[in-house]
Amino acid sequence: MKLFLDTAVYEEIKQGVDWGVVDGVTTNPTLIAKAGHEHEDQVKRICQIIGNVSAEVVSEKRDDMIAEGRRIASWHKNVIVKVPMTPDGIAAGKALAVEGIRVNVTLCFSVNQALLAAAIGAYIVSPFAGRLDDINEDGMRVVADIVSAYRQQGIKTKVLAASIRTPIHVTQAALAGADIATMPFAILKQLFNHPLTEAGQKRFLEDYQRAKAERDTARAGSDGQSKTGRAPETKPTEAPTAKR
Ligand code: E4P
């Protein structure tokens, strides 16, 4: 499963890219508004450092969405055009997909909607797990069902688990067989965390420093002895362990 960042903040994306763990980015009008930059400029800037950048149309009618989708696709070869799961969005997505533009159908909440996305040859479908959880439905169950339906039907559209709210969602998306999970930067950072990793790394470094200090002390002692001809005054901190 590929890891995408669900943000339009350049610095967050740059950090994820520098870690070497991020394969793409999803944006939406809300995220672009939060980042506070002009849509085209920001998408082009992000495309300079990473492939697979979803950028969403904001028109509402089919023909307007097609024109806007073509324009967005022309910004950069890394752009994937996001269209909403509405009759106009699906019809526009079909026209764009026929032209060879990669399309991401967003705001998907059911297997049936995912089948519509597949029917137009969408490159990606984005089921929103967290928003389903918000209304007391099992979002990850829907992701798993879409993956299962696609596999049974031999559908190639990629399933992108979106609206990820917790690190557990990421694990669940992987176990459900999702192709991609997109997550806020804060969640990506949490994927690194485990108390045993932190404690283990602390211990390794302490042990290394202690052993180095002991070696340095012993070396300083033997240098002193060779200069004065006398035994070193410093003693090893620990008595040698008796051999059994
Ligand atoms: C995905 O493409 C969307 O941008 C996103 O995952 C929505 O997440 P939210 O429900 O947390 O806003």
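These notebook entries record what I looked up in a predicted model of a single chain.

**Entry 1. Overall form**

I began with the secondary structure and found 11 helices and eight strands in the chain. I then took the radius of gyration, which is 27 Å, well over the 18 Å that the globule rule gives for 244 residues, so the chain is more spread out than a compact globule. For the extent along the principal axes, I noted that the C-alpha atoms fill a box of roughly 95 × 40 × 30 Å.

**Entry 2. Surroundings of the ligand**

I next listed the residues around the ligand. They are Asp6, Thr26, Asn28, Thr106, Ser126, Phe128, Gly130, Arg131, Ala162, Ser163 and Thr182. Sorting this shell by class, I obtained seven polar, two charged and two nonpolar residues.

**Entry 3. Helices α4 and α5**

I turned to helix packing, starting with α4 (residues 62–75) and α5 (residues 87–98). Their axes come within 8 Å and cross at roughly 45°. At that angle α4 is oblique to α5, because the value lies neither under 35 degrees nor within 65 to 115. I recorded the crossing of α4 past α5 as right-handed. On the α4 side, the contact is made by Arg62, Met65, Ile66 and Gly69, and α5 contributes Asp88, Gly89, Ala91, Ala92, Ala95 and Leu96. By class, I noted six nonpolar, two polar and two charged residues in the contact of α4 with α5.

**Entry 4. Helices α6 and α8**

I then examined α6 (residues 111–119) against α8, and found that their axes come within 9 Å and cross at roughly 45°. The two helices, α6 and α8, are therefore oblique to each other. I entered the passage of α6 across α8 as a right-handed crossing. The contact joins Val111, Ala114, Leu115 and Ala118 of α6 to Asp145, Ile146, Ala149 and Tyr150 of α8. I sorted the contact of α6 with α8 by class and found seven nonpolar residues, one charged residue and no polar ones.

**Entry 5. Helices α8 and α9**

Finally, I followed α8 to its packing with α9. Helix α8 spans residues 139–153 and helix α9 residues 167–176; their axes are 9 Å apart, and the packing angle is about 20°. Helices α8 and α9 are therefore roughly parallel to each other. Their crossing is right-handed. I listed Met140, Val143, Ala144 and Val147 as the contact residues of α8, with His169, Gln172, Ala173 and Ala176 as those of α9. By class, the contact of α8 with α9 has six nonpolar and two polar residues, and no charged ones.

Terms used:
Residues numbered from 1 in each chain as written. Predicted model: local features only at pLDDT ≥ 70, side-chain atom pairs only at ≥ 80, totals over all residues. Near = placed C-beta within 6 Å. Nonpolar A, V, L, I, M, F, W, Y, C, P; charged D, E, K, R; others polar. Axes fitted to C-alpha atoms, helices over the stretch in contact; angles between N-to-C directions. Helix = DSSP H or I, 4+ residues; strand = E, 2+ residues; numbered from the N terminus. Parallel < 35°, antiparallel > 145°, perpendicular 65-115°, else oblique. Left-handed = near helix turned anticlockwise from the far one by under 90°. Contact = placed C-beta atoms within 7 Å. Rg over C-alpha atoms; globule rule 2.2 N^0.38 Å.
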